[in-house]
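Trainee: I have a structure open and would like to talk it through with you. Could we begin with the rings and then move on to the overall fold?

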Amino acid sequence: MLIKCILLLCVFQITVGRYEPNWESIDSRPLPAWFDESKVGILIHWGVFSVPSILSEWFWYQWETKTPLLVEFMKQNYRQDWTYPDFAKELTAEFFDAEEWASLLNISGAKYVVMVGKHHEGFTMWPSNYSWNWNAMDVGPKRDLIGEVGAAIRNKTKLHFGIYHSLFEWFNPLFERDRSNAFKTQDFIAAKTMPELYELVNKYKPDIVWSDGSHAADDWYWNATTFLSWLYNDSPVKDTVVVNDRWGINVNCIHGGFLNCGDRFNPKVLQKRKWENVMTLDKYSAGYRRNAKLEDYFTMLELLTEVAQTVSCGGNILINIGITKEGTVIPIYQDILTKLGKWLTVNGEGIYSSKPWTTQNDTISNYVWYTSKVINNQPFVYAIMLEWPKNNTLILGAPKTSSTTVVSMLGYTGGNFSWKPNPAGGIQIMLPSMNVNEIPCNDVWVIKMQGVN
């Protein structure tokens with residue numbers, strides 16, 4: 001009897017607190033706090049698609065499905081028997097410098113970075129044992145690109161490092177056979193998807209496993225819950241890792257650590273679950289495009305609008321950049337990320353570790369979005385202005401003033417602002433006249449309020 005009790009106690013100690021391979025159990029895991037506190041991340045798209053670098057990172061699929069622009073492009077520029085895998089040898093990465101990347105990402109003010117390890121083309125940016133002759137060590141750069149970037153991020157910055165991985169691959173015969181069998185077989189999962197995911201986690205220990213490519217089948221085909229229960233219970237990153245929701249066409253925007261729902265998801269209203277807005281600085285492509293025009297890129301005002309709306313509604317923003325085949329970050333991306341970093345240096349107090357306020361978008365001035373934070377047991381409300389108010393008077397409908405209300409602007413050193421109750425409710429804030437060198441930022445300003453509710 002004593003032996004039986006001891007055995008039962010051991011089993012209980014092993015199983016208690018463990019996550020079972022079902023969504024109810026997996027969704028019960030608390031999201032590690034670092035992710036919500038971070039607010040801003042950078043997504044890096046780099047792969048064989050960076051070589052043709054036209055239209056989008058979906059080049060291979062679009063070419064094979066006879067997109068006229070690409071059919072003509074290939075006819076004019078490549079020999080008739082050229083295949084997509086022929087591009088891989090031209091992914092040269094001769095100017096790639098992981099430490100230079102790390103420095104830029106650090107300057108950007110982002111708190112985490114996600115790098116594409118494998119896109120839908122199937123080419124792995126690490127020397128995978130499950131992608132023979134279709135990886136960055138065997139062909140092209142002849143380097144472990146994931147390993148180099150991950151090491152630079154961890155050695156040179158405090159950013160969290162994550163890896164994007166596509167569950168499926170275009171034109172992979174194993175996947176196509178499973179699909180033709182109505183997904184009653186899982187040969188592709190056994191030979192490719194699962195071995196790659198375990199390999200990535202065990203070798204590179206990412207803080208984020210950012211899944212994609214789940215739209216082709218339901219979660220049971222991908223063995224999603226089996227992998228995630230291992231990730232949360234037994235992996236080397238079980239205490240810190242976060243995952244998104246792209247684990248099956250039937251669970252997207254429903255299950256997972258945080259929700260992406262779809263690319264460029266920005267609902268502009270408060271969400272019940274933690275979510276992330278993954279958006280691209282090039283409005284038409286995640287991959288680098290050689291033929292992009294200046295107007296195709298987000299302006300700083302457009303980007304900061306996305307930041308304000310996303311964070312106000314409880315989300316993180318994941319800002320995508322595309323890399324050239326040589327391994328460089330083009331100047332316009334460098335410029336945008338540098339300016340973003342300068343803005344966050346001034347206004348990060350209202351962004352990082354903030355929480356949604358009782359109101360997200362102001363009821364009178366609809367160009368104002370709110371966040372909140374408690375500092376030293378004192379609650380503060382931040383009003384993010386996407387435009388400068390007329391006549392230097394900001395009228396807000398949501399805040400209720402009190403005898404202890406104090407108003408200032410982040411980055412402004414000229415003192416607190418005058419204010420008075422708005423007759424129709426809310427507050428009127430009188431912004432002082434400022435010299436050019438006194439204005440904290442060129443675009444988007446943050447009002448800090450204490451003693452309002």
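**Rings, fold and sheet**

Mentor: Keep in mind that this is a predicted model. A good place to begin is a cluster joined by ring pairs, whose members are Phe 59, Trp 60, Trp 63, Phe 73, Tyr 78, Trp 82, Tyr 84, Phe 87, Phe 123, Trp 134 and Phe 171.

Trainee: How many aromatic pairs does the structure hold?

Mentor: There are 41 aromatic pairs in the structure. One of them joins Trp 46 and Phe 96, a tilted pair with 5.1 Å from centre to centre and 55 degrees between the planes. This pair links distant parts of the chain, since Trp 46 is in the loop between strand 1 (40-45) and helix 4 (59-64), while Phe 96 is in the loop between helix 5 (68-77) and helix 6 (98-107), 50 residues apart.

Trainee: Are Trp 46 and Phe 96 buried or exposed?

Mentor: Trp 46 has a relative accessible area of 1%, so it is buried. Phe 96 counts as buried too, because its relative accessibility is 6% and the cut-off for buried is under 20%.

Trainee: Back to the cluster: how are the rings of Trp 60 and Trp 134 arranged as a pair?

Mentor: Trp 60 and Trp 134 are edge-to-face, with 70 degrees between the planes and a centre to centre distance of 6.4 Å. Trp 60 belongs to helix 4 and Trp 134 to the loop between strand 2 (112-118) and helix 7 (145-156), so the pair ties together parts that are 74 residues apart in sequence. Both Trp 60 and Trp 134 are buried.

Trainee: And charges over rings, which lysine lies over Tyr 352?

Mentor: That is Lys 111, which lies over the face of Tyr 352 at 4.6 Å from the ring centre. Likewise, Lys 283 has its charged end over the ring of Phe 298, 5.5 Å from the centre of that ring.

Trainee: Switching to the whole chain, how many helices and strands are there?

Mentor: The protein chain has 13 helices and 14 strands. Along the principal axes, its C-alpha atoms fill a box of roughly 80 × 70 × 40 Å. Its radius of gyration is 24 Å, which agrees with the value near 22 Å for a compact globule with 453 residues. Of those 453 residues, 56% are buried, and the chain exposes about 20,000 Å², with 54% of that area supplied by carbon and sulfur atoms.

Trainee: What share of the contacts join residues at least 24 apart?

Mentor: The share is 70%, counted among contacts between residues at least 6 apart in sequence.

Trainee: Now the sheet: in what order do the seven strands run?

Mentor: The order is 5-4-3-2-1-7-6, in an open sheet with parallel pairing. Strand 5 (242-243) and strand 6 (275-280) are the edge strands, each pairing on one side only. Strand 5 pairs with strand 4 (residues 208-212) in the parallel sense over two bridges, and Val 242 in strand 5 stands opposite Ile 208.

Trainee: Last one, which elements do the buried residues of helix 11 pack against?

Mentor: They pack against helix 2 (23-27), helix 9 (187-204), strand 4, helix 10 (219-222) and strand 5. Helix 11 (residues 224-233) is mostly covered, with nine of its 10 residues buried, and among them are Phe 227, Trp 230 and Tyr 232.

How values were computed. Residues are numbered from 1 along each chain as its sequence is written. This is a predicted model: local features need pLDDT of at least 70, side-chain atom pairs count only at pLDDT 80 or more; totals for chains, interfaces and linings use all residues. Side-chain values use heavy atoms; hydrogens and water are left out. Rings of Phe, Tyr and Trp (its six-membered ring) pair if their centres lie within 6.5 Å; planes under 30 degrees apart count as stacked, over 60 as edge-to-face and the rest as tilted. Helices (H or I, at least four residues) and strands (E, at least two) are DSSP runs, numbered from the N terminus. Buried means under 20% relative accessible area, exposed over 50%, partly exposed in between (1.4 Å probe, protein chains only). A charge sits over a ring if NZ of Lys or CZ of Arg is within 6 Å of the ring centre and within 35 degrees of the ring normal. The radius of gyration is taken over C-alpha atoms; the globule rule is 2.2 Å times the number of residues to the power 0.38. Contact means heavy atoms within 4.5 Å. Accessible areas come from the Shrake-Rupley method with a 1.4 Å probe; for residues, only the protein chains shown count as cover. Two strands pair if DSSP finds at least two bridges between them.
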